[in-house]
Amino acid sequence: PGLAGSPAIALEVVRLLKEAKLPMERNSTFNPNRAPIISPKKGMRGLKMGPIGKNDSKGGTSPSDIISPEEEKRMKSNVICKCEKVTEMEVVRAIRRSLPIDSTQAIRKRTRAGMGHCQ
C-alpha cells in the first residue's frame, strides 16, 4: 500500500495497541496540519539569478544557526530553480523541518526544485 493506505494502517495499529492493552495517551501538543513549504510566486520580480556562488548563503551550516533579517531577505530572493521559482530560503526551511532529509531527492520532493519543465 502506498500513501493512500496510510490512514487505514494507522487505524489498524491503534486497534492492535488497544487489544494488547498498552497505555495510550493523546498528545495535546500534536498538530496534524503542517505549514506548506512551497509558496506561490507571481512572476520573477524580486528574484535574483546569477552564477553559482554569487548569491549563495554564507555562514554556518548548523541548523541552530540564526539567520539575520538581511540574510533571510537575500535568501528569499535567491532563486535555486528557475522553472519552479524555488528560492534558497525554501530549501533551507525544508532542510530544517522536523522530518529529516536524507537525500537531494527528498529536497526535490519537498520544494519541487529541479522538477520543472526544463528537466
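The paragraphs below lead from the chain as a whole to its first helix, then to a link between two further helices, and finally to the last helix.

The structure is a predicted model, and its chain holds 4 helices and 2 strands. Read from the N terminus on, these elements follow the order α-α-β-β-α-α. The chain has 119 residues, of which 20% count as buried, and its accessible surface comes to about 9,500 Å², with 59% of that surface belonging to carbon and sulfur atoms. As for how the chain meets itself, among the contacts between residues at least 6 apart in sequence, 50% join residues that are at least 24 apart.

A good place to begin is helix α1, which covers residues 6-19. At 1.5 Å a residue, a helix with the 14 residues of α1 should span 20 Å, and the C-alpha atoms at its two ends are indeed 20 Å apart, so the expected span and the modelled one agree. After α1 comes Lys21, a residue whose phi is positive, near 60°.

Leu17 belongs to this helix, and with a relative accessible area of 31% Leu17 is partly exposed. Leu17 also has a part in a nonpolar surface patch of about 460 Å², which is made by Ile9, Val13, Val14, Leu17, Leu22 and Met24. Why can Leu17 count towards such a patch? Patches are made of residues with over 30% relative accessible area and no salt bridge, and Leu17 meets the area condition because its value is 31%.

Helix α1 carries charged residues as well, and here a general point helps. Side chains of opposite charge can pair when their charged atoms come close. The structure holds 5 salt bridges, and one of them joins Glu12 to Arg15, with the closest N and O atoms 2.5 Å apart. Because Glu12 and Arg15 are 3 residues apart in helix α1, about one helical turn separates them. Arg15 forms a salt bridge with Glu19 too, the closest N and O atoms in that pair being 2.2 Å apart, and these two residues of α1 lie 4 residues from each other, again about one turn of the helix. Glu12, Arg15 and Glu19 are thus linked in a network of salt bridges. In terms of accessibility, Glu12 is partly exposed at 35% and Arg15 is partly exposed at 37%, whereas Glu19, at 52%, counts as exposed.

Another salt bridge is formed by Arg74 and Glu88, whose closest N and O atoms are 3.3 Å apart. Arg74 lies in helix α2 (residues 69-77) and Glu88 in helix α3 (residues 88-95), so this pair ties together parts of the chain that are 14 residues apart in sequence. Is Glu88 buried or exposed? Its relative accessibility is 7%, and Glu88 therefore counts as buried.

The last stop is Thr111, which is found in helix α4, a helix of residues 104-111. Thr111 is buried, because its relative accessible area is 1%, a value under the 20% that sets the limit for buried residues. The side chain of Thr111 reaches the backbone oxygen of Ile107 at 2.7 Å, while a polar atom of that side chain lies 3.2 Å from the backbone nitrogen of Ala113. Thr111 can also be placed relative to Val91, since the two residues are 20 apart along the chain and yet their C-alpha atoms are separated by 6.6 Å.

How values were computed:
Residues are numbered from 1 along each chain as its sequence is written. This is a predicted model: local features need pLDDT of at least 70, side-chain atom pairs count only at pLDDT 80 or more; totals for chains, interfaces and linings use all residues. Side-chain values use heavy atoms; hydrogens and water are left out. Patches are made of residues with over 30% relative accessible area and no salt bridge: like charges are joined within 9 Å, nonpolar side chains (Val, Leu, Ile, Met, Phe, Trp, Tyr) within 5 Å. Accessible areas come from the Shrake-Rupley method with a 1.4 Å probe; for residues, only the protein chains shown count as cover. A salt bridge is a side-chain nitrogen of Lys or Arg within 4 Å of a carboxyl oxygen of Asp or Glu. Buried means under 20% relative accessible area, exposed over 50%, partly exposed in between (1.4 Å probe, protein chains only). The expected span of a helix is 1.5 Å times one less than its number of residues. Contact means heavy atoms within 4.5 Å. A polar contact is a pair of N or O atoms within 3.5 Å; within protein, one must be able to donate a hydrogen and the other to accept it, and residues adjacent in sequence count only if both atoms are side-chain atoms.
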